[in-house]
Amino acid sequence: MDKNILSRDGTSLAYESAGRGSVVVLVSGAMSTGATVAPLAAPLSERFQVVVYDRRGRGASGDTAPYAVEREVEDLAALIEAVGGRASLYGVSSGGALALRAAASGLPVRHVAVYETPYAMSAEDLAERARYGERLTAALAEGRRGDAVELFLRLTGLGEDVIQGARQSPMWAGMESIAPSLAHDDAVMGDGGVPRELLAAIRVPVLAIAGDASPAWMREAARAVAESVPRGTYRTLEGQTHMVEPDVLAPVLAEFFAR
């Protein structure tokens, strides 16, 4: 990240941009930084000015307590102002929930595209999210960052053998370093359900995408997003999972953002 701006509360945000044209801001999800979505910037920058940033509390960006989702919306407002005053947003996973909140709050946004925003689609899943939130809060309060990462990985459906293998991997230290930001994503997701009233307030076109090789509930969640906004479109990508291939996703986003 080669540039910095200050958000409204004084938090330093690191970002970089590439390409020319109308602005598209990429919003990363949980346990990730701007580098995670950077591979998508390359194909999109052929047609747009693409902005990648580290959300507060991760990467090269700062953090300021106490956290509130409104601060992250203000971060996007500051970023959009810095790069021209208007932008389209793409958010992956919980980053999609943040992008939708930003659009609903009235930020100067042209379009919003989201990929597999993980809203719970059953009472059982909502209860699991509530238990996760409680355990996550306790683990972070007690400084048990590794346990916080484990909780998140279990929530995503990884098996215990995979999780224990991850603990032994060189990546684990980096995962623990941004573990406190898991609380940010948990807050962004609210109670975990589809925030239909909030989505109904979005006045710009919204594209909700899922991979057809992902679990059925992820496709149901994407469809629910598209049906809850006034100008929503639902689309699936053949053969794709939650780890979507940038070269498959980019043409779909480019077509949508060019409208």
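**Exercise 1. Place proline 66 in the chain and describe the peptide bond that precedes it.**

Solution. Proline 66 lies in the loop between β4 and α2, where helices (H or I, at least four residues) and strands (E, at least two) are DSSP runs numbered from the N terminus. The bond that joins alanine 65 to proline 66 is a cis peptide bond, with omega at about -5°. As to the basis of these exercises, the model is predicted, so that local features need pLDDT of at least 70 and side-chain atom pairs count only at pLDDT 80 or more, while totals for chains, interfaces and linings use all residues. Residues are numbered from 1 along each chain as its sequence is written, and side-chain values use heavy atoms, with hydrogens and water left out.

**Exercise 2. Determine how strand β4 is enclosed, and which strands pair with it.**

Solution. Begin with burial, which means under 20% relative accessible area, with exposed over 50% and partly exposed in between (1.4 Å probe, protein chains only). Five of the five residues of β4, residues 49-53, are buried, so the strand is largely enclosed by the rest of the structure. Next, sort the side chains by direction: Gln49, Val51 and Tyr53 point one way, whereas Val50 and Val52 point the other way.

Then turn to the pairing, which requires that DSSP find at least two bridges between two strands. Strand β2 (residues 12-18) is antiparallel to β4, over four bridges, and within β4 it is valine 52 that stands opposite glutamate 16. Strand β3 (residues 23-27) pairs with β4 in the parallel sense, also over four bridges, and valine 25 has valine 51 of β4 as its bridge partner. The chain passes from β3 through helix α1 (residues 34-44) to β4 in a right-handed β-α-β crossover, a term that applies if, with the strands pointing away from the viewer, the path from the first strand over the helix to the second runs clockwise.

**Exercise 3. Carry out the analysis for strand β5 (residues 87-92).**

Solution. Six of the six residues of β5 are buried, so this strand is largely enclosed by the rest of the structure. Ala87, Leu89 and Gly91 point to one side of β5, and Ser88, Tyr90 and Val92 to the other. Four bridges join β5 to β3, the two running parallel, and serine 88 in β5 stands opposite valine 24. Five bridges join β5 to the parallel strand β6 (residues 109-115), where valine 109 is the bridge partner of alanine 87. From β5 the chain crosses through helix α3 (residues 94-104) to β6, and this β-α-β crossover is right-handed.

**Exercise 4. Find the residues other than glycine with a positive phi in the loops after β3 and β5, and decide whether they are buried or exposed.**

Solution. In the loop between β3 and α1, take methionine 31, whose phi is near 55°. Methionine 31 has 16% relative accessibility and therefore counts as buried. In the loop between β5 and α3, take serine 93, whose phi is likewise positive, near 55°. Serine 93, at 15% relative accessibility, counts as buried. As background, most residues other than glycine have a negative phi, and most peptide bonds are trans.

**Exercise 5. Compare the length of helix α4 with its expected span, and describe its two faces.**

Solution. The expected span is 1.5 Å times one less than the number of residues. Helix α4 (residues 123-141) has 19 residues and reaches 27 Å from its first C-alpha to its last, close to the expected 27 Å. Its buried residues are Arg129, Tyr132, Gly133, Leu136 and Ala139. Seen down the axis, they fall within an arc of 140°, so they line one face of the helix; the arc is that of the directions from the helix axis to the C-beta atoms. The face turned away from this side carries the exposed residues Ala123, Glu124, Glu134, Thr137 and Ala141. Finally, the elements that cover the buried residues include α5 (145-155), α8 (182-188) and α10 (216-228).

**Exercise 6. Locate valine 25 within the nonpolar packing.**

Solution. A nonpolar core is a set of buried Ala, Val, Leu, Ile, Met, Phe, Trp, Tyr and Cys residues joined through side-chain atoms within 4.5 Å. The largest has 43 residues, and Val25, Leu76, Leu100 and Val112 have the most contacts inside it. Leaving aside neighbours within four places in sequence, valine 25 is in contact (heavy atoms within 4.5 Å) with residues including Val51, Leu76, Leu79 and Leu89. Apart from this core lies another, of 24 residues, among them Val37, Val50, Leu207 and Leu249.
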